[in-house]
Each structure stands twice: as C-alpha cells, then as structure tokens.
Amino acid sequence: MTDLEYLDRAEALLRAVESQCDHLNDTTDVDIDNQRVGGMITLVFPDASQIVVNLQKPLQEVWLAARSGGYHFRFNDGAWRDTKSSEEFFACLSHSASEHAGMPLEFRAG
C-alpha cells in the first residue's frame, strides 16, 4: 500500500469513529466526548476513562489504547486488523468502548 492509500484509508477510519461517536451520543444514554487533534482521536467517557486512536504513519498502522490494553492495526483483506489477533478494528473498539461506558456499544465502519 502506498503512503497516500494508507492516509486515505486511515483518515476514513478516523472520520467513521467520530461519526459513530456522534450517532451513539444521539441514540443512546452514553456521553462520549470525542476530541480530535491531527491524526489522533481521544474518546473521553463520563468516568474520565479514555480510549485513544492514533495514526502511526511510518508503520502504516492505526493504534488503539484502552483500559484493556494496546492494539496495533494494519489494513489487510479489506479491513483494519489487529497485528496479533486479526480482530477487526471496529469490533475491538466496540468491545473496549462498551467496557469503558458500562453499557453495550457498537461501532461500525463508515
């Protein structure tokens, strides 16, 4: 994948995360404050816990840091997949956000 392809796919992922946060805030009782600075989004939950999603351009990866740990994702087979478990990014984010929020939350791609 070229650097431009990586940036296009990674930026689409960040936009989807932002959009899904807005959707969840509108349709559920959750209150996620999402703050974006450049290639990093910080999701802040009511208990002040955080999930951080950031781009790692030199490695062409997207990293997610949550209470449950740190995860590295590479675009593979049409999706962002964890480099260790092959779990899809939005499935991992859904699980992590549900843990932070104390309620089931579902994030989806675009």
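**Notebook: a first look at the protein chain**

I began with the charges: the 9 positive and 18 negative charges of the protein chain have mean positions 6 Å apart. A reminder to myself is that this is a predicted model.

Next I looked up the secondary structure, and I found two helices and six strands. Reading from the N terminus, I noted the order α-β-β-β-β-β-β-α.

Then I turned to overall dimensions. I put a box around the C-alpha atoms along the principal axes, and it came to roughly 40 × 25 × 20 Å. The radius of gyration is 13 Å, and this agrees with a compact globule, because one with 110 residues would have a value near 13 Å.

I also checked contacts between residues at least 6 apart in sequence, and 39% of them join residues at least 24 apart.

On to the surface and the inside. I saw that the protein chain exposes about 6000 Å², with carbon and sulfur atoms supplying 48% of that area. Of its 110 residues, 40% count as buried.

Which residues touch the most other members of the largest nonpolar core? I found that they are Leu43 and Phe89, in a core of 29 residues. The elements giving two or more residues to this core are α1 (3-27), β2 (40-44), β3 (50-56), β4 (61-66), β5 (69-76) and α2 (89-101). With eight residues, α1 gives the most.

Last, I followed Phe89 outward. Setting aside neighbours within four places in sequence, I listed its contacts as Leu13, Val17, Val53, Val62, Leu64, Phe73 and Trp80.

Definitions and conventions: Residues are numbered from 1 along each chain as its sequence is written. This is a predicted model: local features need pLDDT of at least 70, side-chain atom pairs count only at pLDDT 80 or more; totals for chains, interfaces and linings use all residues. Side-chain values use heavy atoms; hydrogens and water are left out. A nonpolar core is a set of buried Ala, Val, Leu, Ile, Met, Phe, Trp, Tyr and Cys residues joined through side-chain atoms within 4.5 Å. Buried means under 20% relative accessible area, exposed over 50%, partly exposed in between (1.4 Å probe, protein chains only). Helices (H or I, at least four residues) and strands (E, at least two) are DSSP runs, numbered from the N terminus. Contact means heavy atoms within 4.5 Å. The radius of gyration is taken over C-alpha atoms; the globule rule is 2.2 Å times the number of residues to the power 0.38. Accessible areas come from the Shrake-Rupley method with a 1.4 Å probe; for residues, only the protein chains shown count as cover. Lys and Arg count as positive and Asp and Glu as negative; His and the chain ends are not counted. The place of a charge is taken as NZ of Lys, CZ of Arg, CG of Asp or CD of Glu.
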